[in-house]
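Me: I am new to this structure. Please pick one residue and take a close look at its surroundings, then work outward from there. What does it touch, and what lies around it?

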Amino acid sequence: MQLRPWARRRTRVSVVVPVYDVERYLPACLDSVLAQASRRVDLEVVVVDDGSPDASGAIADEYAARDPRVRVVHTTNRGLGAARNEGLRHVTGDLVAFTDSDDVVPPAAYELMARRLEAHAADFVTGSVARWEDGGLAEPPWMRRLHARAGAFGIEEHPEVLGDVFAWNKLFRRDFWEGAGLSWPEGVRYEDQPTTTEAFLRARRFGVLPEVVYHWRIRHDGSSITQQRSSAADLRDRWTTKRMALASVEA
């Protein structure tokens with residue numbers, strides 16, 4: 001069997017890290033991402049400073065000054081979707097991942113996903129997630145259930161996986177991403193679901209891993225998007241993105 005070009009050499013994984021008002025959390029995030037490099041993975045980290053009002057942009061610049069794998073793009077504030085899209089304009093890797101700047105990637109997660117991507121000949125792979133809360137890690141039962149069927153699937157074989165709506169527990173082949181015309185919605189929160197839904201629907205095969213590949217920090221200071229559910233604007237954005245995802249499935 002002839003190997004894919006990216007299977008015959010070290011695979012470059014480009015990680016897009018949008019940054020806004022996370023100076024308390026950014027060092028732990030970047031340290032965890034930069035620790036992912038191995039004999040299998042050549043790492044590139046594109047940090048997008050989305051007009052952050054705190055020291056986040058300066059912290060990112062400090063990392064770039066001492067580690068050539070890190071590049072920083074400074075933009076005016078346009079939101080998470082726009083920051084991710086901006087980061088994609090600067091990546092050079094064969095594979096692309098997204099990491100939120102207040103979270104942490106567990107050791108060897110990208111190598112694990114890259115190996116499974118190759119083994120399954122998939123367009124992308126998705127792994128499970130652990131919530132990082134009050135100093136402890138716990139895998140949500142519903143995520144464990146969605147990832148219990150390990151292997152490679154088309155959407156008709158595993159439709160319930162559409163419940164895995166997150167951007168950051170996945171590793172995408174860049175040629176698939178670009179060929180499918182994927183991007184993140186801009187100007188709306190909860191942009192993960194419409195795009196991940198499109199990815200599942202457009203992939204010939206996607207890989208499902210039972211292993212936890214991402215640690216999702218749960219903040220209780222009211223500063224994260226998922227802690228602002230009591231506002232009408234939050235409800236409007238949730239409703240909008242769910243309708244976008246539903247329209248893709250119906251189409």
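Reply:
**A walk outward from one residue**

Ser14 sits in strand β1, which covers residues 11-19. Keep in mind that this is a predicted model. Is Ser14 buried or exposed? Its relative accessibility is 0%, so Ser14 counts as buried. The cut-off for buried is under 20%.

What does Ser14 touch, once its neighbours within four places in sequence are set aside? The contacts are Glu44, Val91, Thr92, Gly93, Leu95, Val96 and Ala97. Take Glu44 first. The side chains of Ser14 and Glu44 are joined by a polar contact of 2.4 Å.

Strand β1 offers a second polar link. Thr11 and Arg40 meet side chain to side chain, in a polar contact of 2.7 Å. Arg40 belongs to the loop that runs between α1 (26-34) and β2 (41-50). Arg40 has 9% relative accessibility, so this arginine also counts as buried.

Now turn to Arg174. Along the chain, Arg174 is 160 residues from Ser14. Yet their C-alpha atoms are separated by 9.2 Å. Compare Asp67: 107 residues separate Asp67 from Arg174 along the chain, and the C-alpha atoms are 24 Å apart. Arg174 lies in helix α6, residues 174-179. Its relative accessibility is 24%, so Arg174 counts as partly exposed.

Which residues does Arg174 touch, leaving out those up to four places away in sequence? They are Val91, Thr92, Gly93, Asp94, Leu95 and Val96. Several of these names have come up before: Val91, Thr92, Gly93, Leu95 and Val96 are among the contacts of Ser14 and also among those of Arg174.

Leu95 leads into the strands. Strand β4 (residues 95-98) pairs with β8 in the antiparallel sense, over 3 bridges. In that pairing, Leu95 stands opposite Arg173 of β8.

Look along β8 itself. Lys170 and Phe172 point one way. Leu171 and Arg173 point the other way. This fits a general pattern: in a regular strand, side chains alternate between the two faces of the sheet. Which of these four β8 residues are buried? All of them are.

Strand β8 (residues 170-173) also pairs with β5, in the antiparallel sense, through 3 bridges. Two partnerships show how they line up. Thr126 has Lys170 as its bridge partner. Val125 stands opposite Leu171.

Val125 has a partner in β9 as well, namely Gly207. There β5 runs parallel to β9 (residues 206-217), with 8 bridges joining them. How much of β5 is covered? Of the 10 residues in β5 (124-133), 7 are buried.

At Glu133, strand β5 meets β6. The bridge partner of Glu133 is Gly136. Strand β6 (residues 136-138) pairs with β5 over 3 bridges, again antiparallel. The two form a hairpin with 2 residues between the strands. In that hairpin, Asp134 takes a positive phi near 55 degrees.

Back to β1, for a helix that packs against it. The buried residues of α2 pack against β1, α1, β2 and β3 (70-75). Which residues are they? In α2 (residues 56-66), Ser56, Gly57, Ile59, Ala60 and Tyr63 are buried. Viewed down the axis of α2, they fall within an arc of 160 degrees, so they line one face of the helix. Ala65 and Arg66 are exposed on the other side of α2.

Last, step back to the whole chain. It holds 8 helices and 9 strands. Of its 251 residues, 53% are buried. Pairs such as Ser14 and Arg174 are far apart in sequence, at 160 residues. How often do contacts join such separated residues? Among contacts between residues at least 6 apart in sequence, 79% join residues at least 24 apart.

What overall form goes with this? For 251 residues, a compact globule would have a radius of gyration near 18 Å. The chain has 17 Å, so it agrees with that value. The C-alpha trace spans about 50 × 45 × 35 Å along its principal axes. About 11400 Å² of the chain is exposed, and carbon and sulfur atoms supply 52% of that area.

Key
Residues are numbered from 1 along each chain as its sequence is written. This is a predicted model: local features need pLDDT of at least 70, side-chain atom pairs count only at pLDDT 80 or more; totals for chains, interfaces and linings use all residues. Side-chain values use heavy atoms; hydrogens and water are left out. Buried means under 20% relative accessible area, exposed over 50%, partly exposed in between (1.4 Å probe, protein chains only). A polar contact is a pair of N or O atoms within 3.5 Å; within protein, one must be able to donate a hydrogen and the other to accept it, and residues adjacent in sequence count only if both atoms are side-chain atoms. Two strands pair if DSSP finds at least two bridges between them. The arc is that of the directions from the helix axis to the C-beta atoms. Contact means heavy atoms within 4.5 Å. The radius of gyration is taken over C-alpha atoms; the globule rule is 2.2 Å times the number of residues to the power 0.38. Accessible areas come from the Shrake-Rupley method with a 1.4 Å probe; for residues, only the protein chains shown count as cover.
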